Amino acid sequence: MRYFIDLTTVLTQKELKVRYKNSFFGYLWSIAHPLAFAAVFFVAFKVIMRVQMEDYVLFLIAGLFPWQWFSNSAGISPHIFLGNASIIKKVNFERSAGVLAAVLNETIHFAVSIPVIVFFVYYYGRGAHASWLYGIPLLMLVQFMLTCGLALAVASVNLFFRDLERIAVITVSMLFYFTPVIYSLDMVPPQYRALVNLNPLAPLMASWRSLFMYGTLDAGLVALSAVYAAAALAGGYLVYRKLVWKFAEVL
Amino acid sequence: MSSAPIIFSGVGKTYPMYHHFTGGIKNFLFNLPEALRSLRSSRFEALRDVSFEVAKGETLGIVGGNGAGKSTLLGLAAGVLRPTTGAVKVSGRISPLLELGAGFHRDLTGLENIMLNGVLLGLTRAEVKERLAAIVEFSELGAFIDQPLRVYSNGMVARLGFSVAAHLDPDVMLIDEVLAVGDEEFQKKCLEKMREFKRKGVTMLFVSHSMPSVKLICDRVIWIADRRVHMSGAPAEVVRAYAGEGAGL
Ligand SMILES: Nc1ncnc2c1ncn2[C@@H]1O[C@H](COP(=O)(O)OP(=O)(O)OP(=O)(O)O)[C@@H](O)[C@H]1O
Ligand SMILES: [Mg+2]
């Protein structure tokens with residue numbers, strides 16, 4: 001256990017160091033991306049299409065930052081084992097630590113971007129909420145579990161079926177539009193509303209937004225997110241367990 | 001029951017031919033057992049019924065042509081591959097001596113890579129820190145230790161790799177064709193270190209195409225050919241037979 005923690009730590013440090021060594025503005029890049037998207041959606045929906053919604057910029061930012069965390073993690077997951085082929089073929093270390101480290105790295109980037117969200121909350125004349133103290137860690141834990149589970153499965157299966165990487169890219173960008181990030185759940189016609197929550201990201205992203213904007217959490221949505229997260233983690237780990245002993249053969 | 005640190009009994013290894021796999025992900029996931037069965041039907045046999053033991057402190061050399069199955073054998077001993085038939089038993093801390101740069105990151109410095117590699121090879125962070133000074137000294141990389149690996153030459157990367165591996169306190173050491181790139185002086189140093197390992201009772205599997213090193217280091221040699229142990233015996237004998245075969249071709 002002690003060793004597993006050390007392994008995860010050095011792998012996470014590696015990811016962080018590599019990212020910051022190679023780019024001057026490492027931190028700025030990780031917030032520039034969601035901010036740029038927020039600007040684009042603002043122009044498209046508020047200025048051009050005139051969607052009626054108060055504080056739409058804040059609304060976008062509160063959803064886009066957590067979404068970015070998810071989509072970045074999904075984007076790197078196909079490469080996690082593939083990129084460590086030489087060492088996986090030689091050494092029998094616990095491979096899941098690589099997935100954990102990659103997702104932790106993205107988690108850290110999300111965590112350090114939270115002040116930017118808070119800045120916009122204040123900018124739009126709202127205050128901090130006491131509920132953030134437990135709400136943010138809770139939702140982070142849920143999203144961390146969900147992401148780890150998916151990343152474990154994608155990283156493992158991608159070794160056997162390399163096309164998965166392309167499929168993952170398309171799926172994530174489609175999923176974005178089926179997730180209430182640029183629109184709210186009540187804008188969805190009532191007959192489809194139940195369908196939206198079949199998307200594991202939907203209740204989670206809606207929860208993030210209501211937490212940042214109003215300081216409230218809907219217990220039902222959080223519970224549903226947690227169920228999805230637990231299922232993803234269990235499923236992802238099972239897939240990984242089933243395939244891990246063949247990694248060295250196919251790399 | 002034998003208590004040798006390395007025991008291969010009746011080991012066979014076949015590799016699946018994954019490139020035959022055409023069904024698409026949907027079929028793969030929905031008919032997982034069936035898909036796997038169809039994969040099993042087209043397999044490449046790398047080793048068949050290989051049995052040997054290596055006693056504690058013994059160094060076993062493995063020779064054979066390209067594609068004979070030597071690296072496969074080490075993969076089985078390292079536990080990264082599973083035998084298809086038979087059983088592999090290796091006890092104690094295993095340290096694989098890695099091929100050039102495996103597990104290193106080009107953008108990290110020598111020091112950072114020592115930490116990364118040491119932990120990947122099974123040490124805790126505290127254990128790596130304890131050994132850091134000794135590893136750096138052994139590598140003789142001087143000021144380069146604070147430079148990123150991408151400015152290193154091949155031989156320097158190999159030095160760093162060997163230096164980490166040499167300080168792991170392994171019970172079993174697996175060496176696959178890694179000494180070739182170091183300069184003469186460093187090769188001597190590595191051979192010296194390996195003799196030291198032998199004195200300490202470390203058990204070694206040594207794969208090499210360099211017959212002089214095999215004769216120098218090994219206590220016994222097996223020659224893998226046609227998927228099996230073709231010959232096993234004293235280094236001089238096996239090397240002579242193996243080299244003779246090569247000359248005859
Ligand atoms: N992952 C793999 N998938 C399919 N076949 C493989 C795989 N790895 C090795 N093989 C095959 O198994 C055989 C043995 O390979 P191996 O790497 O063990 O040879 P080797 O004795 O180490 O050769 P060399 O001296 O060139 O290093 C080869 O024919 C190779 O093509
Ligand atoms: Mg080989």
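Author: A residue counts as buried when its relative accessible area is under 20%, and as exposed when this is over 50%. The model discussed here is predicted.

Reader: Is Gln68(A) buried or exposed?

Author: Gln68(A) has 8% relative accessibility and therefore counts as buried. This residue belongs to helix H3 of chain A, residues 56-76. Leaving aside residues up to four places away in sequence, Gln68(A) touches His33(A) and Pro34(A).

Reader: What does the same reading give for Trp29(A)?

Author: Trp29(A), in helix H2 of chain A, counts as exposed because its relative accessibility is 55%.

Reader: Which residues make the nonpolar surface patch?

Author: The patch, of about 650 Å², is formed by Tyr20(A), Phe25(A), Tyr27(A), Leu28(A), Trp29(A), Ile108(A) and Val112(A). Helix H2 (26-48) and helix H6 (96-123) of chain A each give two or more residues to it. H2(A) supplies the largest share, with three residues.

Reader: How should a sheet be read, and in what order do the strands of chain B stand?

Author: In general, strands of a sheet pair through backbone hydrogen bonds, in parallel or antiparallel fashion. In chain B, three strands make an open sheet in the order E2-E1-E4, with antiparallel pairing. Strand E2 (43-54) and strand E4 (85-90) of chain B are at the edges with a single partner strand each, so one side of each has no neighbour in the sheet. On average, neighbouring strands of this sheet are turned by 30° against each other, direction ignored.

Reader: How many bridges join E1 to E4(B)?

Author: Five bridges join strand E1 (residues 6-16) of chain B to E4(B). Phe8(B), for example, has Val88(B) in E4(B) as its bridge partner.

Reader: Which helix lies across these strands?

Author: Helix H3 of chain B, residues 70-78, lies across E1, E2 and E4 of chain B and runs at about 115° to E1(B).

Note on methods. Residues are numbered from 1 along each chain as its sequence is written. Chains are lettered from A and ligands numbered from 1 in the order in which they are written. This is a predicted model: local features need pLDDT of at least 70, side-chain atom pairs count only at pLDDT 80 or more; totals for chains, interfaces and linings use all residues. Side-chain values use heavy atoms; hydrogens and water are left out. Two strands pair if DSSP finds at least two bridges between them. Helices (H or I, at least four residues) and strands (E, at least two) are DSSP runs, numbered from the N terminus. Axes are lines fitted to C-alpha atoms, for helices over the stretch in contact, and angles run from 0 to 180 degrees between N-to-C directions. Contact means heavy atoms within 4.5 Å. Buried means under 20% relative accessible area, exposed over 50%, partly exposed in between (1.4 Å probe, protein chains only). Patches are made of residues with over 30% relative accessible area and no salt bridge: like charges are joined within 9 Å, nonpolar side chains (Val, Leu, Ile, Met, Phe, Trp, Tyr) within 5 Å. Accessible areas come from the Shrake-Rupley method with a 1.4 Å probe; for residues, only the protein chains shown count as cover. A salt bridge is a side-chain nitrogen of Lys or Arg within 4 Å of a carboxyl oxygen of Asp or Glu.
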